[in-house]
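Thanks, everyone, for making the time this morning. I would like to walk you through one model, starting with its sheet and then turning to the empty space inside it.

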Amino acid sequence: MIDTHAHLDMCADPPAAVLERAVAAGVPRVVTVGSGAAGARRACEIAECSQGVACAVGIHPHDAGRATPDELAQLRELLAHPRVVAVGETGLDHFRDYAPRDEQAEAFAAQVELAAEAGKPLVVHSRAADGATLAALGEASPETPVVLHCVSSLPLVEEAVERGYFCSFAGNVTYPKALELRQAATLVPAERILAETDAPYLAPQPVRGQKNEPAFVVHVLAALAEARGESPAELERQIDVNAARLFNFE
């Protein structure tokens, strides 16, 4: 099993301890995400020291107000790192608005270009910004694979399916009130579905209240399999195939 999106540098325990528990739970592979130049370097360092760990590097929309041309240039250099498999997470967050929307859009557009330039997938954060996100992604190269990370909008998933995007579900799909999100999971073609934790955030229902970590992606898998009427083992195999194809894993 793979956790396709976690923030190992933000987890409660050191990455080595977190990864040891993940392997024991049957999760030997993790994509860790670093935001900003400093976070991206930390993600690369973790990946270098940890078997089964790859990383994505980008500027989170919350941090877009602090992004500089130099930081983007540093990210461009890091994209050549052999463990970097994607650009992101980037995108738009009109729910928190921690950064001005025009600066979020500017940083997003720049990273759309970076992904095309590097020939790597684009990992997208979108919250309360469906229309703006889809409009921005309309400018992306058709050759750039797009991952909607931690999807939480049924309309966004419906359009993503039409466009052939990957849809990645996190711990919130397990919550009792997340009926619409589980419905969204049934719409995603088998070859486009992914599972993640977004650790240390959004701990799944069986461990809610704890700090999330990659080992807990098994709970996300179970909720997705139940919603889709599939066996967990079958869905696990499919997600592993999808992630390997998307991130060019060996």
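What follows is a short account of the strands and then of the cavities, and please keep in mind throughout that this is a predicted model.

Let me begin with the sheet, which is an open one formed by 8 strands in the order β1-β2-β3-β4-β5-β6-β7-β8, with parallel pairing. At its edges stand β1, residues 2-6, and β8, residues 193-195, and each has a single partner strand, so one side of each is left without a neighbour in the sheet. From one strand to the next, the twist averages 25 degrees. To take one pair as an example, β4, spanning residues 84-93, and β5, spanning residues 122-127, are joined in the parallel sense over 5 bridges, and within that pair Gly91 has His125 of β5 as its bridge partner.

Now to the cavities: how many of 30 Å³ or more does the structure hold? There are 2, and the largest contains about 60 Å³ of space. Its lining includes Thr4, Val31, Ala56, Ala86, Val123, His149, Glu196 and Phe247, among others, and by class that lining divides into 7 nonpolar residues, 4 polar and 1 charged.

The second largest cavity has a volume of about 30 Å³, and it is lined by Val124, Ser126, Leu148, His149, Cys150, Val151, Ser152 and Leu156. Here the classes come to 5 nonpolar and 3 polar residues, with no charged ones. His149, then, appears in the lining of the largest cavity and also in that of the second largest.

Conventions
Residues are numbered from 1 along each chain as its sequence is written. This is a predicted model: local features need pLDDT of at least 70, side-chain atom pairs count only at pLDDT 80 or more; totals for chains, interfaces and linings use all residues. Side-chain values use heavy atoms; hydrogens and water are left out. On a 1 Å grid over the protein atoms alone, a cavity is a set of points where a 1.4 Å probe fits but cannot get out, and a pocket is an open set with protein on both sides within 12 Å along at least five of seven lines; lining residues have an atom within 4 Å of a point. Grid points are joined across faces, edges and corners, and a volume is the space filled by probe spheres set on the points. Ala, Val, Leu, Ile, Met, Phe, Trp, Tyr, Cys and Pro count as nonpolar, Asp, Glu, Lys and Arg as charged, and the others, Gly among them, as polar. Two strands pair if DSSP finds at least two bridges between them. Helices (H or I, at least four residues) and strands (E, at least two) are DSSP runs, numbered from the N terminus. Axes are lines fitted to C-alpha atoms, for helices over the stretch in contact, and angles run from 0 to 180 degrees between N-to-C directions.
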